[in-house]
Amino acid sequence: MLRGKLNPKIALFGHKLPKRDLDAVRAIYEKVEGRESRYELNLYVTGSDEDTETPEPKSEAGATDEAGAASAQGANGATVPIASGGAEESAGS
Amino acid sequence: MKVAYWPGCVSRGFTPELHGSMAKVAPLLDIELVELDRACCTGAGVIAEHNQELADTLNARTFALAQEVEDAELMMNICSTCQGAQSECQERLDASASYREHINQTLAGEGLSYERGLTNKNFLWLLVEEIGLAELRSRVVRPLAGLRVGPFYGCYIVRPRKRLGIDEAHPRDEYLHRVIEALGGTVIEYAGMRKCCGFPIITMNKEASLKQAGRHLGDALDAEADCLVTPCPLCHLNLDLQQPLAEDVVGRELQMPVLHLPQLVGLALGLEPKELGMGRHIVRPTSVIDWSTSVVGAAA
C-alpha cells in the first residue's frame, strides 16, 4: 500500500459502477439466482463446435453454431431442452 | 484504431500501474480506448462454476455494451484471466441462438442485446494481429537492447487452445516471444513460462501456490533473465506481490522484476520507468536492472 501498489478502496469494494448499472447487475443476480432450476449449456453434450466450420467472423473465440437443438443442463445434471427447434445461425453470421 | 476497452477489476484495484501504463501506451500506438466503465467483473471463472447462466449473462451484458461503442473495431482487454473467462462465456453464447436468446431476455430490461460475433482480444493479440510486429518495431525509439526478458504467459491465455483461437495461423502462445523480439529484447525461455502461476489456488493452499510462483521465478533466474513480462495482472500478483513470501517457501533469494506487458512496450516506445508505475512493484525493476546501461542508455 505504501508503494501505491494497491488501491485499497477499489481492491476491497471493487470498481464503482454508476447506480443504474449497479441496479441492473443486481437485478441480473436476483433474476438468475432466483430461478428454481438452472440452465446450463453443455457444449460437450451438444458438441456444437466439432462438426461445423468456423465462421469467418469477427469472433475470435472460434465457437460455431450447431445444427441441432441446444440443450440446457439443470443443476441436478439432467439435460432439458431450453428451446425447441433451435435452428441455429449459419456460419458467418 | 478505436477499441471498447475492458481493463478488468484487478488492473484497477490491485495493479493500478497496469491500467495507468496502458493509458500512456495507447496513444503511442494510435489506439483510442473507450473504457467500459459500466461493465461489471467477468467473474474470473469463479461465478461460472457457481452459476453458469449468471456468468454468461453478466459477460453478455459487457459484450453488448462493447457492441454499443460507436465505431469501435473490437473489444480489447489487458487481463488474461478476463480473456479466458470471457472467451468461455462467448463460446457458449456464440454456439447456440436459443441459449443466446434466453440470456438476452434477461438483458432486455436494459435495452441491451448481445449479437453473435464480437471480437475480443487481449492487448498481446492486438499488438501482433491488428497493429503488426513490423509496425510495432517501427515505433520503437528505445530498443530493449541487452535486456533479457522471460515471457510469462500464464494459463488463461494459452489454454484451452481451440477456445482461444490458437492454431497455425494464430500461434498466440508464441506472441510474447515475438513482441519481446520486436521491441529489441532477448527472449529467455525457461520451464514455467506457460504454466500456472499458482494464483488460483492461493486461498486454498497457499504454500503450494507460492511454491509454484517461486519455482517459475527461480527457473527464470537460473536462465539468467533480467525480468519477466506477463499479460496477466493475476499472475503479476503472485509473481511480484507475493514474491517475498515465495522466496521463503522455496528457500532462495529471487529478486526477479515482473513487468506488465504495456510497461515493457512503453519502455521501448520511450516512456520512463517512473511514468509506467514501476516504482509500485514489490520487486522494483529499477533496483535490479541497471537502466543506465540497458534500455535507458540506448536511448541517450
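These exercises, each with a worked solution, walk through a predicted model.

## Exercise 1. Chain A in outline

Task: State how many helices and strands chain A has, and give their pattern along the sequence.

Solution.
- Step 1. Count the elements. Chain A has three helices and two strands.
- Step 2. Read along the sequence. The pattern is α-α-α-β-β.
- Step 3. Turn to burial. Chain A has 93 residues, and 34% of them count as buried. Buried here means under 20% relative accessible area.
- Step 4. Look at contacts with a separation of 6 or more. In chain A, 39% of these join residues 24 or more positions apart.

## Exercise 2. Where a helix of chain A meets a helix of chain B

Task: Describe how helix α2 of chain A and helix α4 of chain B cross, and list the residues in contact.

Solution.
- Step 1. Locate the helices. α2(A) spans residues 19–33, and α4(B) spans residues 52–67.
- Step 2. Take the geometry. The two axes come within 9 Å and cross at roughly 155°.
- Step 3. Classify the angle. Angles over 145 degrees count as roughly antiparallel. α2(A) is therefore roughly antiparallel to α4(B).
- Step 4. Assign the hand. The crossing of α2(A) and α4(B) is right-handed.
- Step 5. List the contact residues. α2(A) supplies A:Asp21, A:Ala24, A:Val25, A:Ile28, A:Tyr29, A:Val32 and A:Glu33. α4(B) supplies B:Glu53, B:Leu54, B:Thr57, B:Leu58 and B:Arg61.
- Step 6. Sort them by character. The contact holds seven nonpolar residues, one polar and four charged.

## Exercise 3. The sheet β2-β1-β3-β4 of chain B

Task: Work out which strands stand at the edges of this sheet, and which helices pack on it.

Solution.
- Step 1. Write the order. This open sheet of four strands in chain B runs β2-β1-β3-β4, with parallel pairing.
- Step 2. Find the edges. β2 (32–35) and β4 (120–122) of chain B each have a single partner strand, so one side of each has no neighbour in the sheet.
- Step 3. Check the twist. Neighbouring strands are turned by 40° against each other on average, direction ignored.
- Step 4. Take one pair. β1 (residues 2–6) and β3 (residues 74–77) of chain B pair in the parallel sense over four bridges. B:Tyr5 has B:Met76 of β3(B) as its bridge partner.
- Step 5. Add helix α5 (residues 80–95) of chain B. α5 packs on the sheet and touches β1, β3 and β4 of chain B. The direction of α5 makes about 155° with that of β4(B).
- Step 6. Add helix α7 (residues 123–131) of chain B. α7 also packs on the sheet, touching β1, β3 and β4 of chain B. The direction of α7 makes about 100° with that of β4(B).

## Exercise 4. The sheet β6-β5-β7-β8 of chain B

Task: Trace this sheet from edge to edge, naming a bridge partner for each pairing.

Solution.
- Step 1. Write the order. This is an open sheet of four strands in chain B, β6-β5-β7-β8, with parallel pairing.
- Step 2. Mark the edges. β6 (186–187) and β8 (258–260) of chain B each pair on one side only.
- Step 3. Start at β6(B). β5 (residues 148–151) of chain B pairs with β6(B) over two bridges. B:Arg148 has B:Thr186 as its bridge partner in β6(B).
- Step 4. Move on. β5(B) and β7(B) pair in the parallel sense over three bridges. B:Gly150 is partnered by B:Leu228 in β7(B).
- Step 5. Reach the other edge. β7(B) and β8(B) pair over three bridges. B:Val229 stands opposite B:Leu259 in β8(B).
- Step 6. Inspect the side chains of β7 (residues 227–230) of chain B. B:Cys227 and B:Val229 point one way, B:Leu228 and B:Thr230 the other, and all are buried.

## Exercise 5. Backbone oddities in the loops of chain B

Task: Place B:Pro160, B:Asp30 and B:Asp71 in their loops, and describe the backbone at each residue.

Solution.
- Step 1. Take B:Pro160. The peptide bond from B:Arg159 to B:Pro160 is cis, with omega near -5°. B:Pro160 lies in the loop between β5 and α9 (175–182) of chain B.
- Step 2. Take B:Asp30. Phi is near 55°, a positive value in a residue other than glycine. B:Asp30 sits in the loop between α2 (16–25) and β2 of chain B. With a relative accessible area of 47%, B:Asp30 is partly exposed.
- Step 3. Take B:Asp71. Phi is positive here too, near 65°. B:Asp71 lies in the loop between α4 and β3 of chain B. The relative accessible area of B:Asp71 is 62%, so this residue counts as exposed.

Definitions and conventions. Residues are numbered from 1 along each chain as its sequence is written. Chains are lettered from A and ligands numbered from 1 in the order in which they are written. This is a predicted model: local features need pLDDT of at least 70, side-chain atom pairs count only at pLDDT 80 or more; totals for chains, interfaces and linings use all residues. Side-chain values use heavy atoms; hydrogens and water are left out. Two strands pair if DSSP finds at least two bridges between them. Axes are lines fitted to C-alpha atoms, for helices over the stretch in contact, and angles run from 0 to 180 degrees between N-to-C directions. Contact means heavy atoms within 4.5 Å. Angles under 35 degrees count as roughly parallel, over 145 as roughly antiparallel, 65 to 115 as roughly perpendicular and the rest as oblique. A crossing is left-handed if the near helix is turned anticlockwise from the far one by less than a right angle, and right-handed if clockwise. Ala, Val, Leu, Ile, Met, Phe, Trp, Tyr, Cys and Pro count as nonpolar, Asp, Glu, Lys and Arg as charged, and the others, Gly among them, as polar. Buried means under 20% relative accessible area, exposed over 50%, partly exposed in between (1.4 Å probe, protein chains only).
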